[in-house]
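Hello everyone, and thanks for coming. Today I'd like to walk you through a structure that may be new to you, so let's bring it up on the screen.

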Amino acid sequence: MAKKAKRAAPRRRKKKASARRWISGRFLAKVLAVGLVAMAAGLIYLDALVQERFDSHVWQLPARVYARPVELYPGRVLSRADMLKMLELMRYRQAPGAPTPGSYSVNGNRLIIHTRGFRDSDGGEPSQRLNLRLGGGEIASLQAGQGGSLARLEPMQIGSIHPGHSEDRVYVPLDRVPPLMVKMLLATEDQDFYEHHGVSLRGLARAMLANIKAGRLVQGGSTLTQQLVKNFWLTQDRTLLRKLVELPMAVLLELHYSKEQILEAYINEVYLGQDGSRSIHGMGLGAQFYFGRPLEELEPHQLATLVGLLKGPSWYDPRRRPERSLKRRNTVLQVARQQGALSEEELHRFSKRGLEVVPRGESPLYAFPAFIDLVRRQLARDYPPEVLGVDGLRIHSTLDVLAQLAAEKALRDHLENKDPGGKNHLNGAVVVVAPTQGDVLAVVSNRRSREHGFNRALDAVRPIGSLVKPAVVLAALEQPEKYSLATIVNDEPLSVPLRNNEPWQPKNFDNKSLGPMPIHDVLVRSRNQALARLGMEVGLSKVAETLKTLGVQRDIPLYPSILLGSLGLTPFEVAMMYQPLATGGFSTPLRSITDVLDKDGQPIARYPITTEEVLPQEPVFVLQQAMQDVVDQGTGRGVRAKLPASVKVAGKTGTSDNFRDAWFAGFSANHLAVVWVGRDDNSPAGVSGSSGAVPVWAQLMASLPQRSLSQKPPAGVEWVWMDPSGTLVSGEGCDGAHRYPMLPASIPEEADRCGSRDGDKKKGVLQWFKGWFD
Amino acid sequence: MLLAAMLAGCATTPTTGTGGDYGTSASSSSSRSSPPSGEPRQQPVDARADLQGSPALALLDRAEGARNQGNMSAAGRYLERALSMEPDSSWVYRQLARLRLEEGDAHSAEGLALRALRLAPYNPGYQAELWDLVATARERQGDKEGAREARERAQELRRGTA
């Protein structure tokens with residue numbers, strides 16, 4: 001960074017000391033000339049530096065990323081706890097009658113919310129007062145301004161993306177900075193700001209006096225302009241050398257820019273503390289970091305705390321040094337009183353308030369690095385860096401904060417239970433998607449979700465194991481004249497000869513072979529040998545084709561082992577692959593961004609919903625039914641420990657060789673979630689889909705509002721009782737009969753003896769159906 | 001008996017109210033395809049019938065207003081919001097499909113119209129109109145054969161032979 005820059009120039013003057021003996025008039029003149037030239041050159045250099053940095057840096061703002069705005073309307077499922085959690089996260093303050101934007105009041109199930117308002121490509125939302133009543137786990141009624149019953153809370157800022165560097169600002173233009181803050185700032189830091197030209201002799205004299213009194217360096221006497229120079233171009237250490245460069249630079253800055261520009265730059269640039277490796281620069285970000293609110297919403301005592309920090313951000317850190325910070329804050333309040341910025345009553349009242357800082361790490365800002373990473377990649381994929389470099393872009397993302405928090409908690413809780421403290425290096429990833437729109441609602445890539453680093457959700461390519469099985473079954477069901485869920489397959493050992501290799505001889509997890517069973521059970525009980533037989537019969541290329549149709553973009557090698565999931569995919573890619581299964585055959589690209597606006601709220605780009613029919617709905621419905629049974633009776637039944645049976649969901653477990661990877665991928669009508677658990681070094685983790693991933697999925701889904709999958713067959717699918725051989729129609733109550741959803745082409749013409757009792761009637765209906773749909 | 005079971009399985013479930021992506025817990029998502037009885041009862045289709053009492057109606061109105069002013073991106077945004085409230089609404093998909101077609105994105109329009117068809121209640125006139133939309137979208141993509149097929153489907157529905 002440029003702060004460390006340019007200390008070399010003045011160093012050459014050191015030689016002067018040893019030159020004293022050689023003093024003569026001519027030499028002195030020469031030295032003077034050289035010195036003047038050097039100084040002029042130095043000034044020109046500094047001048048360029050001042051302008052270059054000021055113009056390019058101050059005004060270059062990062063793109064800000066927002067979560068999806070919270071929609072409020074009667075009938076929306078929303079518990080009181082979740083509503084209050086949202087308000088808390090968005091730092092709405094509780095105040096009787098909700099008098100100002102960003103406040104609310106609550107009385108039992110009734111809330112008054114004074115929203116903040118925002119701009120969006122659809123015009124956005126005005127700041128308004130909402131009357132909201134909750135009841136029965138949903139919004140029972142809502143009255144917004146102008147009699148509407150529809151409103152949105154402003155989208156929560158969740159991060160920022162800077163194309164050049166990782167520094168960040170929450171930029172606040174001067175006209176939105178609270179005037180009281182400006183008064184406090186000038187009163188405590190630079191009383192002559194509007195009179196001086198960058199350097200204040202009066203200020204210096206005052207500082208010198210104070211230093212002499214104290215017997216040490218206690219005041220710098222720096223003007224705001226000098227402090228800005230310091231923040232911009234120089235290191236923080238107080239050396240004479242720095243002072244020598246600082247003075248001309250301050251004067252140059254004042255020459256080129258107005259007082260307002262300098263003040264605005266100062267307010268947005270000043271250093272206010274450290275958040276791990278991230279420096280907190282600017283009052284806007286400081287307000288977020290310490291108080292979790294926009295600067296405009298801070299109260300006088302909070303503004304005073306921020307101004308107090310300028311004297312020493314770590315010395316007066318309100319979190320680590322609360323007493324010191326409080327004392328300093330009250331000094332600022334007193335100075336503000338002396339300058340007439342506060343009344344005596346206000347001084348009294350605000351001096352009594354606590355610091356009211358929020359605990360570190362509680363802000364939603366920067367809390368979701370894995371999701372922000374996805375946004376960054378999708379932007380980089382779609383836009384050249386020039387576009388991203390546009391000042392202060394506003395990026396509206398699809399993140400659902402409640403879904404994200406639920407996903408993080410589910411993964412964390414489960415891994416803490418399985419592997420307390422992370423001693424066994426178990427980690428995981430979760431992706432949550434709204435399948436119909438393809439909106440990515442949540443991405444978790446670490447059990448410690450706030451940590452940056454390896455993005456497992458997007459980059460961990462791991463064998464998907466049995467997650468591939470629905471695709472194999474689907475490839476079969478796409479030939480309804482040959483296969484239905486009732487078709488019998490043999491769960492017996494098989495051996496497939498391979499060129500240049502040992503033959504492929506897959507085993508079941510329990511090392512048993514269960515003999516003939518319907519395809520339905522093969523999937524529900526995740527039988528490897530039966531499925532391998534089915535897959536070999538259907539054909540590897542047909543299976544690969546189905547996988548491609550489902551959205552797998554990687555090369556699929558035509559080895560038999562792909563039938564049992566040797567193919568490696570990332571959790572995100574698995575979500576893509578399961579998305580058409582969740583929507584009945586429509587593929588919708590997964591998006592993390594809906595709109596990109598410029599800093600004035602004008603739309604620059606949109607990511608509209610697109611969708612394409614990639615599979616006929618009938619086989620997908622049939623497959624979905626079997627995948628529901630995976631959850632209700634099969635390897636995924638652990639889900640039911642958390643999710644009531646009335647909520648119809650479908651899914652599939654996956655486990656890779658030697659228990660290295662545990663997967664669960666599944667969906668309701670409105671959420672599709674993929675969970676992966678394993679180790680980064682790919683060593684056996686001792687986890688199976690059922691034990692390692694299902695509990696995470698179940699907890700996550702149970703904490704979100706779910707809509708059940710539709711149980712109504714589409715035209716062209718009917719429920720038929722089949723005899724155990726899978727080749728004859730049977731009837732309810734007949735020996736060994738099972739009911740399956742069937743495509744007309746799969747339904748046998750003949751019935752068994754038991755089922756033929758009402759055979760004629762049945763035939764009539766079948767004919768009727770066939771005539772109807774063909 | 002089988003007939004009875006089938007009828008029960010197919011019976012048209014009433015439209016669930018609101019809830020959308022944010023869910024109505026445990027309620028079945030309403031798919032409202034063709035009824036099974038001998039004389040199918042035609043369901044009227046328009047925004048009000050499809051989205052009875054839903055707050056999404058207000059968004060459809062706003063979308064229409066934006067579209068009339070030529071503000072397509074705002075119209076799209078309103079419709080997408082409506083969709084996240086009512087993801088099973090054929091009508092919202094229809095509106096989105098028509099908007100995309102007007103915006104010149106025929107590929108998306110086709111997919112959205114097919115999705116509207118998937119969710120369409122039993123109403124041959126409405127379904128025929130959607131097939132026409134599919135046909136137009138295919139024509140604009142240069143898919144003559146596909147367009148012809150879609151037109152045929154529309155005609156069959158209109159003739160009552162589908």
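Let me start with a helix in chain B. The buried residues of H7(B) pack against three helices of that chain: H5 (90–103), H6 (106–119) and H8 (144–159). Before I go further, please keep in mind that what you see is a predicted model.

Which residues of H7(B) are buried? Among them are B:Tyr126, B:Gln127, B:Leu130 and B:Trp131, and further along you will find B:Val134, B:Ala135 and B:Arg138. In an α-helix, residues three or four places apart point the same way, because there are 3.6 residues a turn.

We can also check the length of this helix. H7(B) covers residues 124–140, and its 17 residues at 1.5 Å each should span 24 Å; the C-alpha atoms at its ends are 24 Å apart, so the two agree. Just past the helix, B:Gly142 has a positive phi of about 80 degrees.

Now step back to chain B as a whole. It holds eight helices and zero strands, and along the sequence the pattern reads α-α-α-α-α-α-α-α. Of its 162 residues, 51% are buried. Among contacts with a separation of 6 or more in chain B, 53% join residues 24 or more positions apart.

Chain A mixes both kinds of element, with 23 helices and 29 strands. It has 774 residues, and 49% of them count as buried. For its contacts with a separation of 6 or more, residues 24 or more positions apart account for 68%.

Let's look at a sheet in chain A. Five strands make an open sheet in the order S14-S13-S27-S26-S25, with antiparallel pairing. Strands S14 (439–444) and S25 (650–655) stand at the edges with a single partner strand each, so one side of each has no neighbour in the sheet. From one strand to the next, the twist averages 10 degrees.

At one edge, S13 (residues 427–434) and S14(A) pair over five bridges, and A:Val432 has A:Ala442 in S14(A) as its bridge partner. Helix H14 (residues 401–418) packs on the sheet here, touching S13 and S14 of chain A, and its direction makes about 30 degrees with that of S14(A). Another helix, H21 (residues 617–632) of chain A, lies across S25 and S26 and runs at about 65 degrees to S25(A).

Next, strand S22 of chain A, residues 593–597. How many of its residues are buried? Five of its five, so to speak mostly covered. Strand S12 (residues 394–397) runs antiparallel to S22(A) and is joined to it by four bridges, with A:Ser397 opposite A:Ile593. S22(A) also pairs in the antiparallel sense with S23 (residues 603–606), over three bridges, and there A:Asp595 stands opposite A:Arg606. S22(A) and S23(A) form a hairpin with five residues between them, and A:Gly601 in the turn has a positive phi of about 85 degrees.

My last stop is helix H18 of chain A, residues 528–538. Why call this helix largely enclosed by the rest of the structure? Because nine of its eleven residues are buried, including A:Asn528, A:Arg533 and A:Val538. The cover over these buried residues includes helices H16 (469–477), H17 (519–524) and H19 (540–549), along with strands S16 (488–491) and S19 (515–518), in chain A. Right after H18(A) comes A:Gly539, with a positive phi near 110 degrees.

Thanks for listening!

Methods. Residues numbered from 1 in each chain as written. Chains lettered and ligands numbered in written order. Predicted model: local features only at pLDDT ≥ 70, side-chain atom pairs only at ≥ 80, totals over all residues. Buried ≥ 20, exposed ≤ 12 C-beta atoms within 10 Å, placed from the backbone. Helix = DSSP H or I, 4+ residues; strand = E, 2+ residues; numbered from the N terminus. Contact = placed C-beta atoms within 7 Å. Expected span 1.5 Å × (residues − 1). Pairing = 2+ DSSP bridges. Axes fitted to C-alpha atoms, helices over the stretch in contact; angles between N-to-C directions.
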